[in-house]
Amino acid sequence: MKTTVMSNKFFTITLIGLIVFAGLSFGNLPAPQITVGVQVVDGVTFRFADYMAIDHLQLAIFNYLNTLVSSDFQPYGSWDGWYADDFFGLQHYVLAFMQYSVSMMFESTLGYRTDYYRNFSRDLIRKMNTTEAEWCNNSIEYREWSNPSYNFLDYWWPNTTTPDSDDLYVGGFRGPANIMWTGHYALMMSLFERNFNTGEMRDELGWFVADWNNSLTTDGFGNPKEGGIWGVGLIPCEPYIVFVQCNSIPIVTTELYDNMYNTSYMEGGMWEYGLDFIEANMTDNYGLFTDGYYMMKPTGFVESPTGPDYTFPGPSLDRITNDGRRQVSSYCNGWALAFLEYTWGGKTIPLYPAYIDVYGRELSGDRMYIIDSYNHPSTFGTFDILGTLFTLHLAKQRGDFVTRDRILNFLWPAFNQVWSEDGRTMHFDTMSLEPFLQSAMAFGWIWAKSPVSIKDLADARSPDFWNYPYISKADDANIWVYQAVWDSLKDAFILNIRVDATATLTFSNFVHTPTAYSSGYALGELVSLGDGFRLTLDPGVYNLVIK
Amino acid sequence: MMTEDNQMGTQEQSKPFRVLFRLEDITSSFWTILIGLIGAVLFMAFSTLSMPFLAISLFKFGILPTIVIIALVGAFRGPFSGFLAGYIGVAVGDLLLHSTIVSFTLQGIAYGLMGLVVGLSSYNFATGRSLAKLSILSLVGLVLTALLLVVVGIVVEGYSVLVGIGFVLLPMLTQGIPTVLLLVPVSARVIHAAELKALPTGS
């Protein structure tokens with residue numbers, strides 16, 4: 001047969017060509033799958049597939065993100081590898097959604113709480129909070145708010161041009177009219193406290209929630225007023241326009257704050273007026289959300305002679321069709337439907353099918369993307385990609401993994417995977433398309449694939465949780481933790497781990513000296529130390545039950 | 001008015017069609033349909049694989065094993081079988097693997113077109129000339145398929161021209177062209193050799 005096959009020059013040439021071509025294009029293989037076994041220890045069955053897990057790729061991506069975020073690699077006001085110089089106004093969103101994504105990852109292995117994850121989360125918050133005083137034009141304060149091109153600083157409510165003593169100054173970076181930063185910053189802090197419970201950010205977080213409550217239920221000076229300072233029950237950005245999506249962030253924050261600290265802002269109706277306002281004024285014919293509502297004419301607003309006729313207050317209008325249609329966008333809906341689900345599931349969950357139907361576009365059975373606006377579906381640009389990214393998480397949260405995977409297949413296979421030499425970090429190379437996307441495409445993978453969504457994170461951990469055994473110290477640079485959770489029903493710690501080089505892990509909160517089991521057989525007792533119990537592992541892959 | 005001569009003439013003209021489409025009799029039709037269906041199953045199976053690739057700037061290079069299946073089924077069993085492999089493979093694959101039917105299965109027709117084009121000619125897989133013909137017809141089929149996919153996407157699905165070119169046409173061509181020029185003739189030759197070994201008297 002070999003002779004028969006090879007006795008043909010054309011065949012031989014094409015075969016050589018095929019081998020050369022296949023060799024040159026051989027890359028971007030799937031990362032190794034994790035193994036999830038079944039063990040029986042003392043008559044109790046442990047099925048690792050029943051516990052939440054994160055995969056090798058997510059961990060490699062996190063290690064890459066750590067090189068962008070950690071103060072071990074660059075100071076808080078440095079942005080090497082972020083490629084954000086042309087995207088000043090968007091940079092803080094990248095920081096915020098990175099925090100939400102990694103928080104989902106942390107929650108997936110909630111028994112692994114060493115300095116590695118905690119320091120990352122804290123450093124990310126500090127990058128978000130870089131001030132002009134310390135970091136000048138490299139600060140987020142400058143990039144997001146006080147940049148002269150934005151004209152946000154000299155802003156008073158309700159009089160923007162001749163402020164008098166009755167007007168309220170709302171032009172501050174941390175002030176009541178910058179929910180596009182304060183909301184994200186506070187949610188980042190609340191997720192930090194939820195995940196690590198250090199208490200270090202509680203006071204600052206509490207200040208923001210109280211300030212929002214003041215903005216939403218009073219005239220800003222503390223006198224009760226329905227609809228709050230602006231009369232819409234929502235907090236503006238930019239600072240004269242309110243968005244559903246931007247307000248969904250402080251709503252989640254308020255829910256989580258109430259859950260963590262037993263306050264009752266939500267029960268007190270802090271957001272009720274705003275949600276009613278959205279229902280009445282910020283929805284389209286499908287019941288989906290429209291993108292923006294002006295409470296006043298923006299400072300410096302110049303009406304285009306060829307643009308739509310605005311009325312103030314009134315909805316933001318589509319500037320492309322120019323016929324008075326409301327501005328609609330997939331990024332607004334993909335974001336808001338996910339983040340409002342915890343509070344407003346009765347409204348948002350039934351809207352999901354309509355959202356996919358209206359905004360989804362199918363390229364093939366295995367690929368689809370989300371258009372920016374159904375007012376002009378045949379265009380494609382940054383906001384289509386943005387809507388596509390937001391829908392990933394929404395689809396995951398709704399359990400629609402078919403749609404989630406089809407969207408993943410649209411964007412990610414276009415980029416090469418770049419692994420570090422030691423195999424510890426990986427990112428998708430977006431330099432040929434848009435460098436700024438590089439970090440977003442990295443955490444976007446975690447955003448899409450981790451088994452936890454923002455709705456899950458709105459619940460606080462139970463008080464008992466903090467007494468469960470967990471990994472408090474480890475040689476983080478030598479290990480890959482795929483599963484790590486205390487099973488409180490079976491009184492055992494589940495650990496699925498890959499070890500690159502001999503590593504030690506310290507467990508806290510065990511009330512007795514635990515034993516590690518692998519394949520149902522005891523590997524031995526952990527070593528008792530002053531601050532916990534130590535487990536030393538040689539290189540390899542382990543499914544361990546520790547009890 | 002239909003005459004006897006006309007009727008006979010119709011029968012004469014239909015014979016090449018049946019031969020060409022390998023639907024001469026019940027047995028032949030059965031095998032043609034069966035092989036088309038087997039091709040469709042293989043198409044679905046290969047479509048689930050994560051294939052290696054290399055992106056250079058905005059161009060993505062690699063091998064598409066799915067279109068090899070369509071071309072080979074068309075080449076070995078004729079246009080109808082090739083069309084079935086593509087059409088059923090896409091339509092049923094979309095339904096089973098992704099719970100959707102895209103553009104009223106017009107995409108399946110686009111893929112089936114490739115098998116149809118390749119199957120319109122006959123091949124002697126022992127000769128380089130014939131293998132080259134297979135490559136060229138596969139290329140023609142691929143280009144038609146890619147263009148039809150984009151047209152269907154823009155007209156029926158309503159996605160943007162930019163998406164059609166950047167996310168459908170370009171990847172299809174940069175992966176498809178090396179596949180049809182290299183992997184299709186190599187695979188055909190290997191299968192033919194295996195066929196000869198299994199069936200020494202030929203088929």
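Which residue with a positive phi follows H3(B)? Keep that in mind as we walk through this predicted model; we will reach the answer at the second stop.

**Stop 1: chain A as a whole**

Start by selecting chain A and colouring it by secondary structure. You will find 18 helices and 20 strands there. Along the principal axes, the C-alpha atoms of chain A fill a box of roughly 80 × 75 × 45 Å. The radius of gyration of chain A is 26 Å, which agrees with the value near 24 Å for a compact globule of 547 residues. Buried residues account for 48% of the 547 residues in this chain. If you switch on contacts in chain A and keep those between residues at least 6 apart in sequence, 66% of them join residues at least 24 apart.

**Stop 2: helix H3 of chain B**

Now hop over to chain B and select residues 65–77, which are helix H3. This helix has 13 residues and reaches 18 Å from its first C-alpha to its last, close to the 18 Å expected at 1.5 Å a residue. Is H3(B) enclosed or open? With 12 of its 13 residues buried, H3(B) is largely enclosed by the rest of the structure. Show the side chains and look for the buried residues, among them B:Ile67, B:Leu72, B:Phe76 and B:Arg77.

Next, add the neighbours. The buried residues of H3(B) pack against five elements of chain B: helix H2 (26–47), helix H4 (79–98), helix H5 (106–119), helix H6 (128–157) and helix H7 (161–198). Then step just past the end of H3(B) for the answer to the opening question: B:Gly78 follows the helix, with a positive phi near 95°.

**Stop 3: where the two chains touch**

Show both chains together. The contact takes 39 residues from chain A and 43 residues from chain B. On the chain A side, select helix H1 (2–6), helix H2 (9–24), strand E8 (360–364) and helix H16 (401–411); each of them supplies at least two residues. Which of these elements gives the most? H2(A) does, with 10 residues. Colour the chain A side by residue class and you will see 21 nonpolar, 13 polar and five charged residues.

**Stop 4: a small open sheet in chain A**

Stay with chain A and pick out the open sheet of three strands, ordered E5-E6-E7 with antiparallel pairing. Strand E5 (241–242) and strand E7 (314–315) stand at its edges, each with a single partner strand, so one side of each is left without a neighbour in the sheet. Zoom in on E5(A) and strand E6 (residues 293–294) of chain A: two bridges join this antiparallel pair. Label A:Ile241 and you will find A:Tyr294 of E6(A) opposite.

**Stop 5: strand E14 and its partners**

For the last stop, select residues 492–499 of chain A, which are strand E14. Six of its eight residues are buried, so E14(A) is largely enclosed by the rest of the structure.

Add strand E13 (residues 479–487) of chain A, which pairs with E14(A) in the antiparallel sense over eight bridges. Here A:Ala484 has A:Leu495 in E14(A) as its bridge partner. The two strands form a hairpin with four residues between them, and A:Asp491 in the turn has a positive phi of about 50°.

Finally, bring in strand E20 (residues 540–546) of chain A. E20(A) pairs with E14(A) in the antiparallel sense over seven bridges. To see one of the matched positions, label A:Phe493 and its bridge partner in E20(A), A:Ile546.

Note on methods. Residues are numbered from 1 along each chain as its sequence is written. Chains are lettered from A and ligands numbered from 1 in the order in which they are written. This is a predicted model: local features need pLDDT of at least 70, side-chain atom pairs count only at pLDDT 80 or more; totals for chains, interfaces and linings use all residues. The radius of gyration is taken over C-alpha atoms; the globule rule is 2.2 Å times the number of residues to the power 0.38. A residue is buried if 20 or more other C-beta atoms lie within 10 Å of its own, exposed if 12 or fewer, and partly exposed in between; C-beta atoms are placed from the backbone. Two residues are in contact if their C-beta atoms, placed from the backbone, lie within 7 Å. Ala, Val, Leu, Ile, Met, Phe, Trp, Tyr, Cys and Pro count as nonpolar, Asp, Glu, Lys and Arg as charged, and the others, Gly among them, as polar. The expected span of a helix is 1.5 Å times one less than its number of residues. Two strands pair if DSSP finds at least two bridges between them.
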